[in-house]
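Me: I should like a close look at a single part of this structure, set against the chain as a whole. Please give one connected account, suitable for a first-year student.

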Amino acid sequence: MKKLFKTIKLEFFYWRRMLKRRFPLRYMFNYIKNRYFGLYMLKKLESWPDSGHHDDFEIHVLTPKSGLWMLAWNLRSFLHHSKLSPAIIIHSDGSIDAITAKMFESKFPNLRVILRKDADQTIDAMPMIPDNIKKYRYGKNILILLFTDVYLLSKSETVMLLDFDFMFYAPPSEIVDFVKKRLTYDTLATRFGKSDKKESLYLKEEYLKKYNLIEKNADQLISGVILFKKSLFPLDKFIEYFENTLDPENFFIEQAGWAALTCQTNFQWLDEKRYPVKGRPPEAVCKHFTGPHRFELYAYDLDSVRKNIS
């Protein structure tokens with residue numbers, strides 16, 4: 001009942017925003033189509049062609065079942081503009097069933113869906129992972145999987161974490177250069193604008209000082225797009241983060257975890273005008289449709305992307 005009430009409340013919010021902005025009827029139709037019939041359309045979607053070449057590079061995405069339609073066009077827009085051929089690993093939040101997983105796997109070459117139960121079994125069987133970390137994964141905050149599962153189940157040296165609610169509009173040259181090893185940086189990450197409110201890292205003071213995390217603006221990182229070299233994120237650093245968190249239940253625990261590890265490497269922030277968290281500057285290569293702006297994706301951007309790359 002609580003979940004249903006939350007869904008209804010969110011729908012009222014989206015419709016109120018669309019009416020307030022006086023969206024044309026065709027946009028409202030698009031919203032209904034993409035919001036409620038996405039999985040049906042996904043079944044009819046043609047598979048992305050296999051180039052026959054696969055880069056030594058993994059993209060990891062955590063998504064609910066309801067996000068698969070937008071994720072399909074997120075990935076298609078990225079593949080279209082980047083011309084890369086990564087392995088794509090989809091982490092289920094627990095809502096994706098085996099039949100849906102198999103269907104989604106058929107839509108992209110070199111894509112695998114890891115069901116929640118399979119991830120649980122694999123990570124629970126890892127003897128080097130402390131029991132408290134395994135316990136944290138079963139907490140109420142599903143977002144922790146963005147940190148634990150992506151870190152523990154990624155295998156390539158070059159890894160990219162990507163939120164499911166992105167759309168790409170132009171070539172992400174920084175990402176391509178990182179994958180092709182043309183950059184000297186070890187990690188790239190998106191961040192909040194300098195004037196935006198920062199979230200607490202909930203970390204012990206001695207840990208913050210040990211790695212100068214505040215001076216390095218670790219609290220600016222947002223886990224929308226992160227690229228890293230896996231060998232520079234050793235297991236002891238991953239475990240050390242959990243030993244120093246003050247609140248394993250905090251909503252942004254995964255964001256703080258990636259921030260802590262990122263700021264211990266030779267990192268670079270992705271340009272805020274090209275990879276914006278808010279707004280859409282003319283030079284933006286992508287847009288992150290966070291919850292309050294999701295209706296824009298359903299009403300306009302998803303169909304615009306479909307038209308431009310189909």
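Reply: Two residues are said to be in contact when heavy atoms of theirs lie within 4.5 Å. Among the contacts in the chain with a separation of 6 or more, 78% are accounted for by residues 24 or more positions apart. The model discussed here is a predicted one.

Let us begin with the setting. The chain holds 13 helices and 9 strands. Its radius of gyration is 19 Å, close to the 19 Å that the globule rule gives for 310 residues, so the chain is as compact as a globular protein of that length. Taken along the principal axes, the box filled by the C-alpha atoms is roughly 55 × 45 × 40 Å. Of the 310 residues, 55% are buried. The area that the chain exposes is about 15,000 Å², and 56% of this is supplied by carbon and sulfur atoms.

The part chosen for the close look is strand 1, which covers residues 58-63. Buried here means under 20% relative accessible area. By that cut-off, 6 of the 6 residues of strand 1 are buried, so the strand is largely enclosed by the rest of the structure. Both of its faces are covered: one side carries E58, H60 and L62, while the other carries I59, V61 and T63.

Strand 1 also has a partner. It pairs in the parallel sense with strand 2 (residues 87-92), over 6 bridges. One residue can be followed across this pairing: H60 of strand 1 has I89 of strand 2 as its bridge partner.

A residue of helix 8 leads back to the same strand. L145 lies in that helix, which spans residues 145-153. The relative accessibility of L145 is 2%, so it counts as buried. Beyond its neighbours within four places in sequence, L145 is in contact with L62, S92, D93, R116, R137 and V150. L62 is one of the buried residues of strand 1, and residue 92 falls within strand 2. By way of a further distance, L145 and G193 are 48 residues apart in sequence, and their C-alpha atoms are 25 Å apart in space.

The surface offers a contrast to the enclosed strand. M1, L4, I8 and F12 make a nonpolar surface patch of about 500 Å². I8 belongs to helix 1, residues 2-20. Its relative accessibility is 39%, and therefore I8 counts as partly exposed.

Technical notes
Residues numbered from 1 in each chain as written. Predicted model: local features only at pLDDT ≥ 70, side-chain atom pairs only at ≥ 80, totals over all residues. Heavy atoms only, no water. Patch = residues over 30% accessible without salt bridge, like charges linked within 9 Å, V, L, I, M, F, W, Y side chains within 5 Å. Areas by Shrake-Rupley, 256 points an atom, 1.4 Å probe, with all protein chains shown as cover. Salt bridge = Lys/Arg side-chain N within 4 Å of Asp/Glu carboxyl O. Helix = DSSP H or I, 4+ residues; strand = E, 2+ residues; numbered from the N terminus. Buried < 20%, exposed > 50% of the residue type's maximum accessible area, 1.4 Å probe, protein only. Rg over C-alpha atoms; globule rule 2.2 N^0.38 Å. Pairing = 2+ DSSP bridges.
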